[in-house]
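I opened this notebook to look up how the ligand is held and what surrounds it, and to check one pair of strands afterwards.

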Amino acid sequence: MALSELIKTLADGEFHSGESLGVALGVSRAAVWKRLKGLSALGIEVESVKGRGYRLAGGLCLLNAQSISAAISPEAQPLIANLFCLEEVDSTNQYLLLEHARRGDVCLAERQTAGRGRRGRAWASPYGQNMYLSIRWQYEQGVAALEGLSLAVGVIVSEVLEQDFGVTGTKLKWPNDLLMSGRKLGGVLIEVGGDLTGDCAVVVGLGLNVSMSQASVGQAINQPWIDLLQAGMAIDRNELCGKMISRLIPALQSFPQLGFLPYHQRWMARAAFLDQSVVLTTPARSVSGVMRGIDRGGNLVVEVENELQVFSGGEISLRLA
Ligand code: BTN
């Protein structure tokens, strides 16, 4: 990407004059100005002050493959095939669903041009501000052995934030939205390729809001959201990625043997809306009831007219009544 040199120079958060940027990049001041305009299109806010120059207020912590590797635990290191650290990609999940990808491949990107969320939604993915992480794993047992995997991933993400970074108070909204103060902090999207009844490839995608400016998303997110910075946590993205990978990869490896049971209580301890009135929407109907938690397979349990009903499936959404 032609803008990457400019972004690297401005990432320090200091003021740079148009002239010094021109010298550093070997281009005219007019060309610098044009490139600065290009940054807004990527969702990067540039502050301009007369007499001082341009800066990215607060700076940017850019992804660095070496720093990420250094933060990955010795247990997880041998399980990684490739660590792809990209500046721009359509979707990190899509990248690992392609033919070239292998078990243990990890993909991170500064920006996604077609990031995707659950239920066919887009996932806003401005440059350099969040975490867009995908991991590919391979299973011989087919998808039936993976019941509850997406909930287990949510548990791990919440635990890493708490245990490694001191971020408390995250909640899991069934099936795997990560909430904080009732607002969306992140989400998990699992996609499967290959033979669903046998040898299949699973790509686990995680989007986590780290320090996303309102200006960079505009109207692209139609629900209340929060990021770690708003929650008072200035977190190094490279360390965050390294720690997440360290916990997720071994969990993906052991999941067919262990199943969802070791995660059940941990999920319940973080459940959003527990014992509260909720409305559940499936493609066919809406159901009102009281959220009673999940069963041993990770399916949603809702009390409807004094009777416990179990719900599963990716097309269901849940909200407070
Ligand atoms: C959700 O809808 O809550 C799930 C969002 C998942 C977004 C992540 S970002 C990394 C990976 N690549 C994608 O295109 N989507 C997932």
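Before reading any distances, I fixed the criterion: a polar contact is a pair of N or O atoms within 3.5 Å. I also kept in mind that this is a predicted model.

Entry on contacts. I looked up K184 and found that a polar atom of its side chain lies 2.6 Å from an oxygen atom of the ligand, and this pair counts as a polar contact because it falls within 3.5 Å. For S91, an N or O atom of the side chain is 2.8 Å from an oxygen atom of the ligand. With R116 the backbone is what I noted, since one of its N or O atoms lies 2.7 Å from a nitrogen atom of the ligand. I then checked the cover: on its own the ligand has 420 Å² of accessible area, and the protein covers 98% of this.

Entry on the shell. I recorded 20 residues around the ligand, with S91, Q112, R116, R118 and K184 as the closest. By class, the shell holds six nonpolar, 10 polar and four charged residues. I asked which elements supply at least two shell residues each, and the elements are helix 5 (92–97), strand 5 (131–139), strand 8 (183–194) and strand 9 (200–208). Strand 8 gives the largest share, with four residues. The space that the ligand takes is the largest pocket.

Entry on the strand pair. I turned to strand 6 (residues 170–173) and strand 7 (residues 177–180), which run antiparallel and are joined by four bridges. K173 has D177 in strand 7 as its bridge partner, and the two strands, strand 6 and strand 7, form a hairpin with three residues between them.

Technical notes
Residues are numbered from 1 along each chain as its sequence is written. This is a predicted model: local features need pLDDT of at least 70, side-chain atom pairs count only at pLDDT 80 or more; totals for chains, interfaces and linings use all residues. Side-chain values use heavy atoms; hydrogens and water are left out. A residue is near a molecule or strand if one of its heavy atoms lies within 4 Å of it. A polar contact is a pair of N or O atoms within 3.5 Å; within protein, one must be able to donate a hydrogen and the other to accept it, and residues adjacent in sequence count only if both atoms are side-chain atoms. Accessible areas come from the Shrake-Rupley method with a 1.4 Å probe; for residues, only the protein chains shown count as cover. On a 1 Å grid over the protein atoms alone, a cavity is a set of points where a 1.4 Å probe fits but cannot get out, and a pocket is an open set with protein on both sides within 12 Å along at least five of seven lines; lining residues have an atom within 4 Å of a point. A molecule sits in a cavity or pocket if more than half of its atoms lie within 2 Å of its grid points. Ala, Val, Leu, Ile, Met, Phe, Trp, Tyr, Cys and Pro count as nonpolar, Asp, Glu, Lys and Arg as charged, and the others, Gly among them, as polar. Two strands pair if DSSP finds at least two bridges between them.
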